[in-house]
Amino acid sequence: MRLDDETFRQVLSAVCDTLLPALDAPDTDTATSDYYGRGARERGLDEATSAAVPGLARHVREAIDELAAFLAERDFIRATLERRTELLHLAAEQDMRLRLAVRQLKGMVFAGFVGAVDESGTNPTWPVIGYPGPPSGPFSASTALPVVAPHEGTLHADVCVVGSGAGGAIIAARAAQAGLSVVVLEAGPHRDEADFDQIDAHASEMYLRGGSLWSDNGQMGVLAGSVLGGGTLINSMVCLRTPMAIREQWAREGLEGLDGPEFDRHLDTVWQRLDVNTEATVYNANTRAMITGLASCGYAHERLPRNSSAEDDPTRCGSCNAGCRLGCKRSTLHTYLRDAADAGARIVAECRADRVLVEDGRAVGVAATLGDGAELVVLAPVVVVAAGGIESPALLLRSGIGGPAVGRNLRLHPAWIVTGLYDQPIHAWSGQIQSAVSFDLTHCESGVGFLVESLTLNPLTWAGQSPFTDARSHRDRLRDLPYFATWHGVSHDHGSGQVYLDADGQAAVRWALDDEIDRRVALRAHLELARMHHAAGANEIFTFHWSDLRWRRGEDFDGYLDELRAVPADDYTAFSAHQMGSCRMGASPEDSVADGHGRLHDVRGVWIGDASALPSAPGVNPMITIMALAERTALSLIETARSGAAAGR
């Protein structure tokens with residue numbers, strides 16, 4: 001049942017007011033009184049949320065419609081705060097789609113509450129929750145990367161590269177350096193150091209769907225870059241080489257030679273171009289607490305290699321996911337895109353690729369839409385699809401090419417998050433986001449497992465994703481933010497998900513924790529991380545399960561672990577910063593999209609050149625793997641293009 005617009009608005013306003021009502025403040029301090037005393041309606045967050053709903057993905061809009069109808073049937077608008085809270089919990093327990101709607105609205109309301117900033121770049125809640133805001137200080141000069149002013153019409157090129165992240169930038173650079181004319185299309189905006197204010201609410205423009213992309217059932221949150229430079233501009237700079245066991249597996253599956261010295265050379269090339277090192281890696285308090293927990297449980301750790309220049313200032317690294325203001329991050333903006341531009345490549349930002357154009361079984365170009373709605377066509381006999389693990393399969397699906405495996409085999413490295421509350425301030429937002437890793441649990445369940453890495457979550461994410469029991473408890477707990485230490489287990493997925501097109505022709509993600517081995521890994525990650533926090537001296541431990549699973553010092557810890565063991569699969573919440581495998585390379589057109597070098601099986605002239613090409617999850621942060629594979633693909637592409645040109649003479 002679809003409610004009329006006015007009733008829908010009233011229900012939505014009541015939901016916002018249930019999540020963030022006006023409450024009596026515990027003291028008369030002005031900032032504290034404002035923090036508690038003004039709710040969603042007083043702050044205009046109900047109207048802002050209502051205005052934002054039409055722009056959400058179709059499956060989320062439909063879920064919110066269903067939630068509104070469910071609540072309206074139960075007289076939600078006129079109910080007391082306590083009854084409205086009960087009804088929200090009832091809806092979330094009754095159906096995963098309704099839970100998705102509650103999750104989305106909760107994220108939007110609390111993002112506005114602690115994330116929105118005024119003209120001075122501050123939020124009045126920050127002093128109350130102990131958050132100082134992003135670090136201040138000068139920023140580096142603009143990278144001044146030349147970007148073509150987009151306009152309606154037609155461009156001609158030898159190669160059109162769709163996407164400018166880890167894979168696309170390398171292929172664009174190598175093709176241009178080989179003398180081919182190259183056009184790079186990037187759906188996101190062009191941003192660099194001069195634009196980075198490192199305010200999370202502003203940084204959302206650099207993420208796919210504004211950083212709010214959920215799987216159909218709301219169980220998996222997906223974070224992906226959508227900006228010139230892709231994920232390399234906003235990631236945490238973790239650089240890990242492809243494990244040899246994975247290389248050997250992929251070589252057996254059709255990527256011949258990947259287990260040999262040629263791929264070693266590609267890895268070395270990328271490593272050197274990105275200036276990867278451990279000298280600039282510095283542990284913050286969050287990571288030091290994790291190391292204590294690891295050691296107390298008998299696990300080793302290593303210092304993480306990072307693609308950072310020597311000028312890196314660790315005190316200003318906590319907002320790295322909003323772009324490096326100092327220009328120390330060796331993203332593709334500073335490396336391969338610069339190489340591409342210097343070699344003559346033309347780069348068009350804010351340009352969404354709609355379809356790969358195909359005639360007589362081979363590529364002839366790309367049809368795209370500019371940010372102002374105008375149409376752009378790039379005519380090119382070679383098309384490189386490198387729009388990321390979510391958007392690359394969507395482009396192929398809209399184009400009707402790629403075969404039956406397109407969108408399938410999606411691997412996400414599900415991250416399972418556990419937080420500890422400590423006596424002393426951790427200030428996890430201060431310092432490098434990720435600087436240490438433990439590999440000791442990477443084969444803990446049927447040959448797969450998880451990495452242990454530290455993690456910084458901004459107040460916007462904390463407020464939106466922390467378990468919600470009632471409004472006052474939620475508001476109170478946010479004030480403990482300075483004392484949180486947060487670590488996650490980044491798991492090597494055994495099962496897979498799928499990317500498909502919704503009724504609007506947009507990418508959507510289907511994923512559930514329905515693989516038995518993945519369920520065991522998820523449980524093991526929560527158990528081990530909880531043990532580490534307990535051993536490191538945490539006074540309180542909690543997770544991102546939908547239910548509020550929390551241990552406090554003095555309570556039975558073994559009993560808490562038993563509670564974690566009893567959690568049903570639907571109650572888990574995962575997050576993914578690595579989307580891979582959805583256009584996988586392999587020998588067979590039945591279960592792969594491209595051959596072992598990235599050529600599409602079914603259409604000549606189309607290549608896959610990003611994370612979607614990975615045959616499976618590598619089990620480590622994948623940037624280096626993606627880039628080394630792109631170096632490999634670029635060599636084959638250039639050789640094929642040259643031989644084709646020679647044959648045409």
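Is D216 buried or exposed? D216 is buried, with a relative accessible area of 19%; buried here means under 20% relative accessible area, exposed over 50%, and partly exposed in between (1.4 Å probe, protein chains only). Everything below comes from a predicted model, where local features need pLDDT of at least 70 and side-chain atom pairs count only at pLDDT 80 or more, while totals for chains, interfaces and linings use all residues. Residues are numbered from 1 along each chain as its sequence is written, and side-chain values use heavy atoms, with hydrogens and water left out.

**View 1. R510 and D216 join up in a salt bridge.**
The N-to-O distance for this pair is 3.9 Å. A salt bridge here is a side-chain nitrogen of Lys or Arg within 4 Å of a carboxyl oxygen of Asp or Glu. R510 sits in strand β19 (residues 507-510) and D216 in the loop between β4 (213-214) and β5 (220-222), so the pair ties together parts that are 294 residues apart in sequence. Helices (H or I, at least four residues) and strands (E, at least two) are DSSP runs, numbered from the N terminus. While D216 is buried, R510 is partly exposed, at 39% relative accessible area. Searching the whole structure turns up 39 salt bridges.

**View 2. More salt bridges, including a network.**
E516 pairs with R520, with 3.4 Å between the closest N and O atoms. Both residues belong to helix α17 (residues 516-536) and sit 4 residues apart, about one turn of the helix. R520 is partly exposed, at 29% relative accessibility. D548 and R550 make another salt bridge, their closest N and O atoms being 3.1 Å apart. In that pair, R550 is buried at 10% relative accessible area, and D548 is partly exposed at 24%. Elsewhere, a salt-bridge network links R58, R61, E62, E66, R97 and D504. As background, side chains of opposite charge can pair when their charged atoms come close.

**View 3. Helix α17 packs with helix α18 (residues 557-565).**
The two axes are 10 Å apart and the packing angle is about 160°. Axes are lines fitted to C-alpha atoms, for helices over the stretch in contact, and angles run from 0 to 180 degrees between N-to-C directions. α17 and α18 are therefore roughly antiparallel; angles under 35 degrees count as roughly parallel, over 145 as roughly antiparallel, 65 to 115 as roughly perpendicular and the rest as oblique. Their crossing is right-handed, meaning that the near helix is turned clockwise from the far one by less than a right angle (anticlockwise would be left-handed). On the α17 side, the contact uses L523, H526, L527, A530, R531 and H534, and these meet F557, Y560, L561, L564 and R565 of α18. Contact means heavy atoms within 4.5 Å. Sorted by class, this contact has 7 nonpolar, 2 polar and 2 charged residues. Ala, Val, Leu, Ile, Met, Phe, Trp, Tyr, Cys and Pro count as nonpolar, Asp, Glu, Lys and Arg as charged, and the others, Gly among them, as polar.

**View 4. Helix α3 (residues 45-52) packs with α6.**
Here the angle is about 130°, and the axes are 10 Å apart. That makes α3 oblique to α6. α3 passes α6 in a right-handed crossing. L45, T49 and A52 of α3 make the contact with L105, M108, V109, G112 and F113 of α6. By class, that comes to 6 nonpolar, 2 polar and no charged residues.

**View 5. A374 in its loop between β11 (362-370) and β12 (375-379).**
A374 is buried, at 15% relative accessibility. Leaving out residues up to four places away in sequence, A374 touches E152, A368 and T369. The C-alpha atoms of A374 and H151 are separated by 7.2 Å, with the two residues 223 apart along the chain.

**View 6. D75 and M237, two loop residues with positive phi.**
Most residues other than glycine have a negative phi. D75 has phi near 55° and lies in the loop between α4 (58-72) and α5. D75 is partly exposed, with a relative accessible area of 36%. For M237, phi is near 70°, and its loop runs between β5 and α10 (244-252). M237 is buried, at 2% relative accessible area.
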